[in-house]
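Biologist: Please show me the model, and then I will ask how each label on it is justified.
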Number of protein chains: 2
Amino acid sequence: MSSSNRVDLKPPYLILIGEEDDATYAKTGLGIVQWRPGQVAGQLRFPGCRVDLGVPDMTIDEAVQSGVGSLLIGVAPVGGTVPQQWWTLMENAASAGLDIVSGLHLKLADNPAVVAAARQSGARLIDVRTPPAGLPVGTGIKRIGNRVLTVGSDCAIGKKYTALALHEAMCNAGINATFRATGQTGIMIGGEGIPIDAVVADFIAGAAEVLSPDNDAGHWDVIEGQGSLFHPGYAGVSLGLLHGSQPDAFVVCHDATRTSVSGWEHYELPSVEECIEQHLSLGRRTNPEILCVGISVNTSELRADQRSAYLSELSANTGLPCVDPLIDGCGAIVSYIKQHIQDENHESSG
Amino acid sequence: MSSSNRVDLKPPYLILIGEEDDATYAKTGLGIVQWRPGQVAGQLRFPGCRVDLGVPDMTIDEAVQSGVGSLLIGVAPVGGTVPQQWWTLMENAASAGLDIVSGLHLKLADNPAVVAAARQSGARLIDVRTPPAGLPVGTGIKRIGNRVLTVGSDCAIGKKYTALALHEAMCNAGINATFRATGQTGIMIGGEGIPIDAVVADFIAGAAEVLSPDNDAGHWDVIEGQGSLFHPGYAGVSLGLLHGSQPDAFVVCHDATRTSVSGWEHYELPSVEECIEQHLSLGRRTNPEILCVGISVNTSELRADQRSAYLSELSANTGLPCVDPLIDGCGAIVSYIKQHIQDENHESSG
């Protein structure tokens, strides 16, 4: 369970935005600046670029001089093709010794000029979509420390955001906690992780075990969920991640107005209550003490006057803290965890 | 969903046994002769070989003359390394135009001489551990025809054997049925399939959909299960296969005396009843009509006088046919299916 089994990035970052003029496509860069401002040294923009991360503009030379560790591709280029100007820039950055970090579909390792430059300088080429080699099969053996996993009634329903917000709230409450990323954007924000949905099927649970290894007894890993147990395409990923994470606690992510699986509209979404029951039932296999500790709801499609009524009713029905993390943060969930889970031995103090 | 997405072998086969003297290591070859004798033209043995599949000994030249399609590696060499003599033989066979079919850990594509020989003749090099490229994400859309999946309370508990025996019993009963292989030995026996546990996590359910495509309304796919929903390492594979297969029916495979997960002894096995309930609960997500249609039990560790009492009691408790397929065959399960599932529309005739 060495950390060499995880993708592991070298900050601070110079974020390549290129000539992007639509912030939608720069969400990786924006996410890193939002959640990890201390890791970002600057941005690299070409003339005409209309997106601004609000950090200093910087050339490769300036980045090297100020001790930058990695050039990070912070945009998804439209159409998936990468302009030659970008490749030249990556080659120059690699020559100068910067790691290149990419979540592009095109592999860095397939560009001979960038590979040669990196080999000569010793820089690393890191494709965050590529899982590390040598992942083991899951053992199911209990690990020291505590774990909380964000799960969802659907995909793309706030599991990454909730994990980041929960991690922040735990840190603010003085809890020793680590964000554990399982997707490419999460890995770029968190600086390390494993792209769990790109792992070979036999090793999903094993990858989750490697991702959150033994730790101090009072420590919390906040693990970014993937997929959904109720998703007809991705449930296997979610179950392997649930089993391997052995979470002591989980938070259900939901959308107040979504009624069917996004993109798979022939499937209805489960209720929050069904979602809780299913995760308890399956999660108990590798952690009999698993608890649901809160519900994170995207309420953006509700009117302001409906929002608090919705959350109050859900909270009354489930007995759990219910928050919209963008508006309320995750402090209420941290309080619930503190009340109901004392340490990895689960001595209830509630 | 074209068949090019599946591994697809070219019979008849010449089976390479080499110098093996322990039948345990020749179980792939023995399995093919047991279940598909009509596909086997002969065996290729080196001097001193003490395993005999009971089919004609044949050289590469003789195989070519008699119309053999593939040289199939029927043994797992001790220690995983392949003697040079085997590589020379594979090169000769590929030169002569025979496909080479291997489940070895070493990849055929990594041997330049074999690759060159195959390229020159047009023969295919087929590693049955390697999933086909271009698998889709699962759609969850209902397909025409019927499907039965073998599932297990554990790994290595008879799922492949049960699927083969059930397929045979269905054919004997005049049902139009196809065996769908999901593991390397099953693929070699069945002649096609997808090694589901080697698929990238995001595509498990999609691979299962490709494996059992739309078919005639009265047709049955008999799908080989993998892993177990209760296995701390492999449950993700099993759930993806369950969702993607959308089985109308499933058979639970169990061992009468096993009490813990084999190799993971810190995990107790579920009861047969728990196993049925869990598969019904999760399987309903993609096929609300899913039914358990029987239990296949390995009773080899029971005394003869305990055996029938065990099966009778299990049958009384569950209301399902319970068989040891090695002794009883799967005819009772086929009868139950005929009584309870009329066609893909599930009009009960019971």
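**Contact, symmetry and sheet**

Modeller: The model is predicted. In it, chain A gives 30 residues to the contact and chain B gives 29 residues.

Biologist: What makes a residue part of the contact?

Modeller: Two residues are in contact if their C-beta atoms, placed from the backbone, lie within 7 Å. On the side of chain A that touches chain B, the elements that give two or more residues are α7 (204–211), α8 (235–245) and β13 (264–268) of chain A. The largest share, 6 residues, comes from α8(A). By class, the residues of this side are 17 nonpolar, 10 polar and 3 charged.

Biologist: Why is the relation of chain A to chain B that of a two-fold axis?

Modeller: A turn of 180° with a shift of 0.0 Å along the axis lays chain A on chain B, with an RMSD of 0.0 Å. That is the relation of a two-fold axis. The same surface serves both copies, as 97% of the contact residues of chain A recur in chain B.

Biologist: How do you know that β11 and β14 of chain A pair?

Modeller: Pairing requires at least two bridges between two strands. Strands β11 (residues 249–255) and β14 (residues 291–298) of chain A have 7 bridges, in the parallel sense, so they count as a pair. Across them, C253(A) stands opposite S296(A) in β14(A).

Biologist: What makes β8 and β15 of chain A edge strands?

Modeller: The open sheet has 6 strands, in parallel pairing, with the order β8-β10-β7-β11-β14-β15 (chain A). Strands β8 (177–180) and β15 (322–323) of chain A each pair on one side only, and they are the edge strands.

Technical notes
Residues numbered from 1 in each chain as written. Chains lettered and ligands numbered in written order. Predicted model: local features only at pLDDT ≥ 70, side-chain atom pairs only at ≥ 80, totals over all residues. Least-squares fit on C-alpha atoms with pLDDT ≥ 70 in both. Helix = DSSP H or I, 4+ residues; strand = E, 2+ residues; numbered from the N terminus. Nonpolar A, V, L, I, M, F, W, Y, C, P; charged D, E, K, R; others polar.
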